[in-house]
Amino acid sequence: MAVKANLRLILMADEVVVAESEDPQLWQAAFRAVTAGTGALEGRSPGTPFDLRGSRDWLGEEEQIALSAFAEELGVDAATVRAACSPRAIAPYIFPDKLHWEAFKKCTPERGRTTVSNIVLALTLLLLWAEKIRLERVTMRDGTAVLRTIGARDEHPGRAVENCAWIERRMNRLVINPEEISKAIAVARGYCLKRAPDWDESEVV
């Protein structure tokens, strides 16, 4: 008796799954491109990337709802939020855009009370998004996975999180401190808009 296999196309960055699809037209086109050695999918010009996350239709209905809620909380339009961090319901959940990342880092100091370290920025975006997709547990490892998607790292992640007013540890997970959530939102909004957080520096600890 023949067994019918369910084929799935998976896009990975190192060991991180970025996107996946069971669309037969998509994996068949990818298979033909690989076996033909052309490196290009049919119907697309050579050198044009096939971005699985580039189409709005790629998001599921629940992700669309979560994205709208995320954007509303940040006070930024959904298209900008998506371009900045491509929030998804698959690990590592946040896929930062390098240009937004660079712009934000240039707008914020490397040292001092208003510094936003790499791990803090990654975790801030991830924790705010996690609330929208009802992700029960976020850890330091999850934040590191987000950084890995753009080849970034943090030299002292534990210290950075301990010194962050809006991120706190609860048992074996990280959460947004509800008493400091405005700071987390300000950081995420600033990142999406490529500018420094619009907070009162005298209140930052």
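**Exercise 1. How many disulfides does the count come to in this predicted model?**

*Solution.* Let's start with the cut-off: a disulfide needs a pair of cysteine sulfur atoms within 2.5 Å. Next, take C85 and look for its closest cysteine sulfur, which belongs to C192. The distance is 4.6 Å, so this pair is too far apart for a bond. By this rule the count is 0 disulfides.

While you are at the cysteines, try their surroundings too. Buried means under 20% relative accessible area. C85 has a relative accessible area of 0%, so C85 is buried. C164 has 9% relative accessibility and therefore also counts as buried.

**Exercise 2. Find the buried residues of helix α4 (residues 98-107) and work out how they are placed around the axis.**

*Solution.* First, list the buried positions: they are H100, W101, A103 and F104. Now look at their directions around the axis: these residues cover an arc of only 170 degrees, which means that they sit on the same side of α4. The general rule helps here: an α-helix has 3.6 residues a turn, so residues three or four places apart point the same way. Finally, turn to the face that points away from the buried side of α4, where you will find the exposed residues K98, L99 and K106.

**Exercise 3. Describe how strands β3 and β4 pair, and what joins them.**

*Solution.* Begin with the ranges: β3 covers residues 167-170 and β4 covers residues 173-176. The two strands run antiparallel, with 4 bridges between them. Then pick out individual partners. I167 faces I176 in β4, and E168 has V175 as its bridge partner. To finish, follow the chain from one strand to the other: β3 and β4 make a hairpin with 2 residues between them. One turn residue, M171, has a positive phi of about 60 degrees.

**Exercise 4. Characterise the largest pocket by its volume and its lining.**

*Solution.* The volume comes to about 590 Å³. As for the lining, 24 residues contribute to the largest pocket, and those nearest its centre are E110, T115, V116, S117 and A160. Which elements give two or more residues to this lining? They are α5 (118-132) and α7 (157-162). As a last step, sort the lining of the largest pocket by class: you should arrive at 9 nonpolar, 7 polar and 8 charged residues.

Notes
Residues are numbered from 1 along each chain as its sequence is written. This is a predicted model: local features need pLDDT of at least 70, side-chain atom pairs count only at pLDDT 80 or more; totals for chains, interfaces and linings use all residues. Side-chain values use heavy atoms; hydrogens and water are left out. Two strands pair if DSSP finds at least two bridges between them. On a 1 Å grid over the protein atoms alone, a cavity is a set of points where a 1.4 Å probe fits but cannot get out, and a pocket is an open set with protein on both sides within 12 Å along at least five of seven lines; lining residues have an atom within 4 Å of a point. Grid points are joined across faces, edges and corners, and a volume is the space filled by probe spheres set on the points. Ala, Val, Leu, Ile, Met, Phe, Trp, Tyr, Cys and Pro count as nonpolar, Asp, Glu, Lys and Arg as charged, and the others, Gly among them, as polar. Buried means under 20% relative accessible area, exposed over 50%, partly exposed in between (1.4 Å probe, protein chains only). The arc is that of the directions from the helix axis to the C-beta atoms.
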